[in-house]
Amino acid sequence: MSGDDLGLFTDPEVDERRPVRKRDRERDNARAKAKKRKKTVLWLVVALVLAGGLGGAYYGYKELRGIGSFDDYAGSGETDAIVEVQDGDVISKIASTLYDNGVVASARAFVEAGKTDARVTSIQPGFYLMKTKMSGQNAVARMIDPKTRVPAVQIVGGLKLTDIQANGKTVPGIYSQLAAASCTEKDGQKVCLSADEIKAAAEQTDPVALGVPDWALVDVKAAEPQFRLEGLIMRGVYQVKPGVSAVELLRSVIVSSAQKLQGAGIPGGTVNTGFRPYQVLVIASLIEKEAIEPDFSKVSQVIYNRLKHLPQTMPLQFDSTINYKNNQPHIRTSDEDRGADGPYNTYKNKGLTPTPIGSPSQQAIAAAMKPEGGEILYFVKCDKNGNSCFANTFEEHDANDKKAQREGVY
């Protein structure tokens, strides 16, 4: 009987006397093919990394290996769930977030459902009020519904922590705006934090627990509780997670603002100003209240000159600081107001106020760190568009003031 009849053959690369069975060769060939397939998958992953980033590559790798399941729920959801879409999240990342929060049965269910609606690629960062155990199709429909996204809080320059009354109307302060954004639904009922709850947390919680940055801690702890967080939430857009405690809500906003402040130059850009970072924040808040943006750097110079750059310092004499303490929006003050005692009366006291008097903008902060230059000491609003007229001497300032009164500016 021949070697072939026995199922044997001779490998020319090895000793001709050593038999090798066909099934061994077949097994080796199978291993080689598997190794080749593995290399192909790896190269595909590399391509995905280059094309779409690590997150997309990981999702693609799972799909190639068949790990990404296609489980799907059938209903429109059960209990409430809040999910966050972060800046830069791609569809696969959003799908994974939904899966991690129990919204969909699998990430793939959302991805596949989203292929039929291009609007899924335009989902914005923020918090979304979803339901657990939703079908992929229902999850997509809910995510692209504008009503699902929790409205972001828009803090404008000069806004105070608390409400003010202006012309018979209430202007909501930061606490009220945060309270409105805190709402969520539980068992079909709307549940919100109140402005008073947020205010109490601000006044009674350790500033460290609230996320107050290190450079502001000494001044914040020294301030009166009702004013101590003023100015630390700068102008900008804030995403607020509903359904959390007042402390957690405040902390998230203050930490986010601290990042914005750092981007605007506080504390890093304050080194050469001659003021501490917190003082620069105070100056920025005064600039924000006293002028329109084109005049910011000049008002900043007036503040610098009155505080330190001239041989003899003088009071700031800003009506905005008195109105801040009196919780009034008016431009002018009365003789009685200017004669009242208190740390926010910059007619009677030299130096800065103990805290900022509102939320500063990035432009006001920039002006606080880099004033105009020159010896200007006075300014007054001199037209109805809000522009100010500046002067080096009191005589020039008095002439500007009288002109503004004649023209009915105030």
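## Pockets, links and charges in a predicted model

Guide: Strand 3 (80-85), strand 4 (126-131), strand 10 (236-238) and helix 8 each give at least two residues to the lining of the second largest pocket. Keep in mind that this is a predicted model.

Visitor: Which element supplies the largest share of that lining?

Guide: Helix 8 does, with 5 residues.

Visitor: How much space lies in the second largest pocket?

Guide: About 260 Å³. The pocket is lined by 18 residues, and those closest to its centre are Glu 84, Phe 127, Gln 239, Val 240 and Ser 252.

Visitor: Let's zoom out. How many helices and strands does the protein have?

Guide: There are 14 helices and 12 strands.

Visitor: And what share of the residues is buried?

Guide: Of the 410 residues, 41% count as buried. The protein exposes about 22,300 Å². Carbon and sulfur atoms supply 50% of that area.

Visitor: What about contacts between residues far along the chain?

Guide: Take the contacts with a separation of 6 or more. Residues 24 or more positions apart account for 62% of them.

Visitor: Back to helices. Why is helix 5 described as largely enclosed?

Guide: Helix 5 covers residues 174-181, and 6 of its 8 residues are buried, so the rest of the structure largely encloses it.

Visitor: Which residues of helix 5 are buried?

Guide: They are Ile 174, Tyr 175, Ser 176, Leu 178, Ala 179 and Ala 181.

Visitor: What do the buried residues of helix 5 pack against?

Guide: Three elements: strand 5 (153-155), helix 6 (195-204) and helix 8 (246-264). You met helix 8 in the lining of the second largest pocket.

Visitor: New topic. How many disulfides does the structure hold?

Guide: It holds 2. One is formed by Cys 183 and Cys 192, with sulfur atoms 1.9 Å apart. The other joins Cys 382 to Cys 389, at 2.1 Å from S to S.

Visitor: What's the pairing if I number the bonded cysteines in sequence order?

Guide: It reads 1-2, 3-4.

Visitor: Is the link of Cys 183 and Cys 192 right-handed or left-handed?

Guide: Right-handed, with 110 degrees about the S-S bond. The link of Cys 382 and Cys 389 is right-handed too, with 85 degrees about its S-S bond.

Visitor: Cys 183: buried or exposed?

Guide: Cys 183 is buried, at 14% relative accessible area. Its partner Cys 192 is partly exposed, at 36%.

Visitor: And where do Cys 382 and Cys 389 stand?

Guide: Cys 382 is buried, with a relative accessible area of 12%. Cys 389 is partly exposed, with 25%.

Visitor: Now charges. How many salt bridges does the count come to?

Guide: The count comes to 10. Here is the general idea. Side chains of opposite charge can pair when their charged atoms come close.

Visitor: Let's see one. Which residue does Arg 119 meet in a salt bridge?

Guide: Asp 117, at 2.9 Å from N to O. Arg 119 counts as exposed, at 54% relative accessibility. Asp 117 counts as buried, at 17%.

Visitor: Which residue forms a salt bridge with Glu 203?

Guide: Lys 199 does, and the closest N and O atoms are 2.5 Å apart.

Visitor: How many residues apart are Glu 203 and Lys 199?

Guide: They are 4 residues apart in helix 6, which means about one helical turn separates them. An α-helix has 3.6 residues a turn, so residues three or four places apart point the same way.

Visitor: Are Glu 203 and Lys 199 buried or exposed?

Guide: Each sits in between. Glu 203 counts as partly exposed, at 21% relative accessibility. Lys 199 counts as partly exposed as well, at 26%. The cut-off for buried is under 20%.

Visitor: One more pair. What does Lys 403 meet in a salt bridge?

Guide: The side chain of Glu 407, at 3.0 Å from N to O. Lys 403 is partly exposed, with a relative accessible area of 40%. Glu 407 is partly exposed, with 43%.

Visitor: Which residues are joined into one network by salt bridges that share partners?

Guide: Arg 108, Glu 112 and Lys 115.

Technical notes. Residues are numbered from 1 along each chain as its sequence is written. This is a predicted model: local features need pLDDT of at least 70, side-chain atom pairs count only at pLDDT 80 or more; totals for chains, interfaces and linings use all residues. Side-chain values use heavy atoms; hydrogens and water are left out. A disulfide is a pair of cysteine sulfur atoms within 2.5 Å. Buried means under 20% relative accessible area, exposed over 50%, partly exposed in between (1.4 Å probe, protein chains only). Contact means heavy atoms within 4.5 Å. Accessible areas come from the Shrake-Rupley method with a 1.4 Å probe; for residues, only the protein chains shown count as cover. A salt bridge is a side-chain nitrogen of Lys or Arg within 4 Å of a carboxyl oxygen of Asp or Glu. On a 1 Å grid over the protein atoms alone, a cavity is a set of points where a 1.4 Å probe fits but cannot get out, and a pocket is an open set with protein on both sides within 12 Å along at least five of seven lines; lining residues have an atom within 4 Å of a point. Grid points are joined across faces, edges and corners, and a volume is the space filled by probe spheres set on the points.
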